[in-house]
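Me: Please take a close look at one part of this model. I want a single helix, with its surroundings set out around it.

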Amino acid sequence: MRWRKHTNQITGFLVVLPSIVLVAVFVYGFIGRALWASLTDWGKDPSQALALNPVTRFIGLQNYRELFTGFIDGRFRQDMVSTVFFTVFFLAGCLLFGLLLAILIDHKPRGEALFRGVFLFPFALSFVVTGTIWRWLLQPGGGVNQLPTLVGLRPATFEWLTSRQQVWRFDWNDLPVIIGLLAAATLAAVAVVARRAGRRRRAIGFALGSAAVLGLAVGVAPGWRPLPFPELHGFNLAFIGIVVAAVWQMAGYTMALYLAGLTGIPEELREAAVVEGANEWQLYTRIILPLMAPITLSAMIVLGHISLKIFDLVFAMAGPDNAWTDVPALLMFITTFRGNQFAKGAAIGVILLVLVAMIIVPYLRSQLRKGVRE
Amino acid sequence: MNRPGSFFLAAALASLFATAPARAQDKLEIFSWWAGDEGPALKALIDLYSKKYPNIQVINSTVTGGSGVNARAVLKTRMLGGDPPDSFQVHAGQELIGTWVVANRMEDLSDLFKSEGWMAQFPKGLIALLSARNGIWSVPVNIHRSNVMWYVPANLKKWGVSPPKTLDEFMATCKTLQGKGVQHPLALGENWTYNHLWESVALGVLGPEDWTALWTGKLKFNDPKAVKVWATFGQVLEFANPDASGLSWQQATDRMLKGTAAFNVMGDWAAGYMATTLKLKPGEGFGWEASPGTGGVFMMLSDSFGLPKGVKHRDAALKWLRELGSKEGQDTFNPLKGSIAARLDSDLSKYNAYLQSAAKDWKTNKVVGSLAHGAVAPEAFASQFGTVMEIFLASKNAEAAANAAQAIADQVGLGK
């Protein structure tokens, strides 16, 4: 019988089938549904917002246009800016502390196992627990602000989560220029790297691209102003507390990633380097760190998508109404379930999805390619 | 399958089918955000209900979170999913009408009001607030007052000031107090308490007619009169504690009680907190006055219960609503909750000194609705009002805040 030959494939397919169906419905189906909802006016008419069978109209990209250029959606724009700053500081903090801790433990101090457990422990907590603890610690009148009194100084007065200070402010209308300049700089950096690696054609290509983007940024972008009025955004200092708590939670995880990498480096390599006369500093900067690059990349991707989607930590630490620590995921919740603006909430959700996809998809693609090659 | 096993399974299935319809009739699910401090008052109501209808099992679904912020989100997902609770708590007024009545999800309770004789028992102004589209949509359980300013009489005496009656007097008194070392005379708490303070200031600046006109769309937010509200609000904020957004409303009230601040503007659930939780005597441990400039006006909010369309236990829910509106129900619930009855014939001897004074004002004062607590504006406006507040706090620009408020009002079609 012919079909017997294919039994394996058929059983294989049947075994995976439920999961394919579930993922198709509950992941991709709902992404599609959210995408569709974000293109409608669901919520604009209160009599349809919560009707049993809401009647909605297709309005194209209007929700997105409002979010980026509408008069009353400045909070969303500040949230986007906050997310970028938060992601940068959170990633930098986790990678730095994770690497330092990993190197420390890699030197096998006494009680190594204990320290490893201690550093990894915060990762075992949920963000809600972390958030609640740090909320208490960061009360303006207590906790961290009282630390200086231990050494006889006056208590600190920084307001942490309730601070309303903002630094590095820029006008939202300058954003096209800023993005253009950043893109040009990135392309230029890639070009320099390619040049160093001796790949001339690639280097020239990227250099030309960089020059073209630079031209666009300087020549065309200033004429494109999204808003008819100036609107300043910047880094809210209230986020410092959130970054501290988030790094506290995730640095141990990053350490574990690095530690796995460090133990994977063969002893011969280190010995060879030492024989060649490399000191400790050179050993780390020239040998070990370059070998850690893939781990840094995976850590950045894992941490990056956590930071873009962050919701529970901020909710527990500062509550959903504190606009100075607001992030898009919180705004999505408030817009949808308090303001009944379902379509606009869906639009924020889709924007978040696109941001996360920008991080995850290239990574997945490179992983898949590797898998095929192997 | 072995035989005893299949037998048990069949028996279990049979019993399930046999009992399911009977049990389904004997249930009532009520959905509210009354937990914690407010839990005992709700429990007293449920106990009363269970005593009257012992064969109805009451399922008490509560979702905690001040002012129902979390409960409302859960309720929306349930309603959208076609699984309405038999009766749910909702702030009387636009929070109910602007969200649920316009979406055609509620049953009209006019007949219940007529058959129970409630048309005469509840004040006309309150019934007007519950009515829209030729129907009455929920049963009010209690009345809270939003525009109250709290203080400690002994402290004011010590500082040699008397409670201010107008906004100008308030500013002058606060300056005097700052001279006497009370740096931040006004105690303020987390974000929503800013909105709460704003509505008291706005009522003080505008007066009841213009305040109401704001919500019917007759007075624009960017009208000079309404812009002045923001300017005055900014001046009032100068006297508030800068770390406000880290404090709960109770912590803000505590500051006033401890004497680090002199005044606290908060709804009269604060009286419940001070009298019940902190065991202070109304009039001695704490004193009260209508917030500056709002004497003779009662800015009210009311918790009410409605009947969604298509519920599973409609009869039990109607019995529940009947109890809520009854004199016995209201006088059981309100002394414990720290609010006054919505009915005009409640037995005042069951209430403490503060509530008796509030009940008197309720009968004699001009009644207006609260913004921060869902009475005058639909949720789409109220939830975005926080954004307006942030615009003002960030820029201290009254014009910008007023324009943003008007833009949102236009967007949600306020007053239409």
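Before that, some context: what share of the contacts in chain A with a separation of 6 or more comes from residues 24 or more positions apart? Then go to helix α9 of chain B, residues 167-179. Which of its residues are buried, and what covers them?

Reply: This is a predicted model. The share in chain A is 72%. Chain A has 374 residues, and 33% of them count as buried. Its secondary structure consists of 14 helices and two strands. Its C-alpha atoms fill a box of roughly 85 × 75 × 50 Å along the principal axes.

Now the helix. α9(B) runs over residues 167-179, which is 13 residues. At 1.5 Å a residue, the span should be 18 Å. The end C-alpha atoms lie 19 Å apart, which agrees.

Its buried residues are Leu167(B), Phe170(B), Thr173(B), Cys174(B) and Leu177(B). They cover an arc of only 115° around the axis, so they sit on the same side of α9(B). The general rule helps here. An α-helix has 3.6 residues a turn, so residues three or four places apart point the same way.

The face turned away from that buried side carries exposed residues: Asp168(B), Lys175(B) and Gly179(B).

Next, the cover. The buried residues of α9(B) are covered by elements of chain B that include α8 (153-159), β9 (186-187), α10 (191-216) and α11 (224-237). Just after the helix, Gly181(B) takes a positive phi of about 95°.

β9(B) holds residues 186-187, and Leu186(B) leads on to the core. The largest nonpolar core has 191 residues. Leu186(B) is among those with the most contacts inside it, along with Trp150(B), Met256(B), Phe263(B), Phe381(B) and Val388(B). Helix α9 of chain A, residues 239-264, gives this core its largest share, twelve residues. Leaving aside neighbours within four places in sequence, Phe263(B) is in contact with Met149(B), Trp150(B), Tyr151(B), Pro185(B), Leu186(B), Ala187(B) and Met256(B). A second, separate core has six residues, including Ala184(A), Leu187(A), Ala191(A) and Val213(A).

α10(B), part of the cover, also has a role at the interface. There, 34 residues of chain B are in contact with 25 residues of chain A. On the chain B side, α3 (69-80), α4 (94-101), α10, α17 (379-395) and α18 (398-412) each supply at least two residues. α17(B) gives the most, with nine. By class, that side has 15 nonpolar, twelve polar and seven charged residues.

Definitions and conventions:
Residues are numbered from 1 along each chain as its sequence is written. Chains are lettered from A and ligands numbered from 1 in the order in which they are written. This is a predicted model: local features need pLDDT of at least 70, side-chain atom pairs count only at pLDDT 80 or more; totals for chains, interfaces and linings use all residues. Helices (H or I, at least four residues) and strands (E, at least two) are DSSP runs, numbered from the N terminus. The expected span of a helix is 1.5 Å times one less than its number of residues. A residue is buried if 20 or more other C-beta atoms lie within 10 Å of its own, exposed if 12 or fewer, and partly exposed in between; C-beta atoms are placed from the backbone. The arc is that of the directions from the helix axis to the C-beta atoms. Two residues are in contact if their C-beta atoms, placed from the backbone, lie within 7 Å. Ala, Val, Leu, Ile, Met, Phe, Trp, Tyr, Cys and Pro count as nonpolar, Asp, Glu, Lys and Arg as charged, and the others, Gly among them, as polar. A nonpolar core is a set of buried Ala, Val, Leu, Ile, Met, Phe, Trp, Tyr and Cys residues joined through C-beta atoms within 7 Å.
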